[in-house]
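Work through the exercises below with the sequence and the coordinates open beside you. Each task is followed by a solution that proceeds step by step.

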Amino acid sequence: DRSAALVSYVQLDEPRNDQPVALRLPGLDPARRYQVTDVTPGPVRPRRGGLDEPGITAVQVSGAALGRIGLAIAPRRVLTAAVILIEAR
């Protein structure tokens, strides 16, 4: 029903630079607002940009923006993952 999604981003190799990548999430309802929460297991580590801003664990954004622009995911260590929960509000 496009009310929720659970997404994982995995860093498979060394990043080419220190710029965030855009993780686009098509398929959500463009007219709805979603709360995006980093639910990655383990200790919280400060990162940059969007959810990666130190102290920020959730943001609200439209489904249209998630599909067209996406989330900024900062480069991670090789073979690590981010787990992101997206829920309609």
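The exercises that follow concern one strand, its partners and a patch of surface, all in a predicted model.

**Exercise 1.** Decide whether Thr80 is buried or exposed, and describe its surroundings.

*Solution.* Begin with the location: Thr80 belongs to strand β6, which covers residues 80-88. Next, take its relative accessible area of 14%, which is under the 20% limit, so Thr80 counts as buried. Then look for polar partners, where the side chain of Thr80 comes to 2.6 Å from the backbone oxygen of Arg77. Finally, once neighbours within four places in sequence are set aside, Thr80 is in contact with Tyr9, Val10 and Gln11.

**Exercise 2.** Work out which side chains of β6 point to the face shared with Thr80, and which strands pair with β6.

*Solution.* Recall that in a regular strand the side chains alternate between the two faces of the sheet. In β6, Thr80, Ala82, Ile84, Ile86 and Ala88 point to one face and are buried, whereas Ala81, Val83, Leu85 and Glu87 point to the other and are not buried. Turning to the pairing, β1 and β6 are antiparallel over eight bridges, with Ala5 opposite Ile86. Strand β3 (residues 33-38) also runs antiparallel to β6, joined to β6 by five bridges, and Asp38 has Ile84 as its bridge partner.

**Exercise 3.** Classify Leu12 as buried or exposed, and identify the patch that includes Leu12.

*Solution.* Leu12 sits in the loop between β1 (4-11) and β2 (21-23). Its relative accessible area of 63% is over the 50% limit, and therefore Leu12 is exposed. Together with Val10, Val78 and Leu79, Leu12 makes a nonpolar surface patch of about 390 Å².

How values were computed:
Residues are numbered from 1 along each chain as its sequence is written. This is a predicted model: local features need pLDDT of at least 70, side-chain atom pairs count only at pLDDT 80 or more; totals for chains, interfaces and linings use all residues. Side-chain values use heavy atoms; hydrogens and water are left out. Helices (H or I, at least four residues) and strands (E, at least two) are DSSP runs, numbered from the N terminus. Buried means under 20% relative accessible area, exposed over 50%, partly exposed in between (1.4 Å probe, protein chains only). A polar contact is a pair of N or O atoms within 3.5 Å; within protein, one must be able to donate a hydrogen and the other to accept it, and residues adjacent in sequence count only if both atoms are side-chain atoms. Contact means heavy atoms within 4.5 Å. Patches are made of residues with over 30% relative accessible area and no salt bridge: like charges are joined within 9 Å, nonpolar side chains (Val, Leu, Ile, Met, Phe, Trp, Tyr) within 5 Å. Accessible areas come from the Shrake-Rupley method with a 1.4 Å probe; for residues, only the protein chains shown count as cover. A salt bridge is a side-chain nitrogen of Lys or Arg within 4 Å of a carboxyl oxygen of Asp or Glu. Two strands pair if DSSP finds at least two bridges between them.
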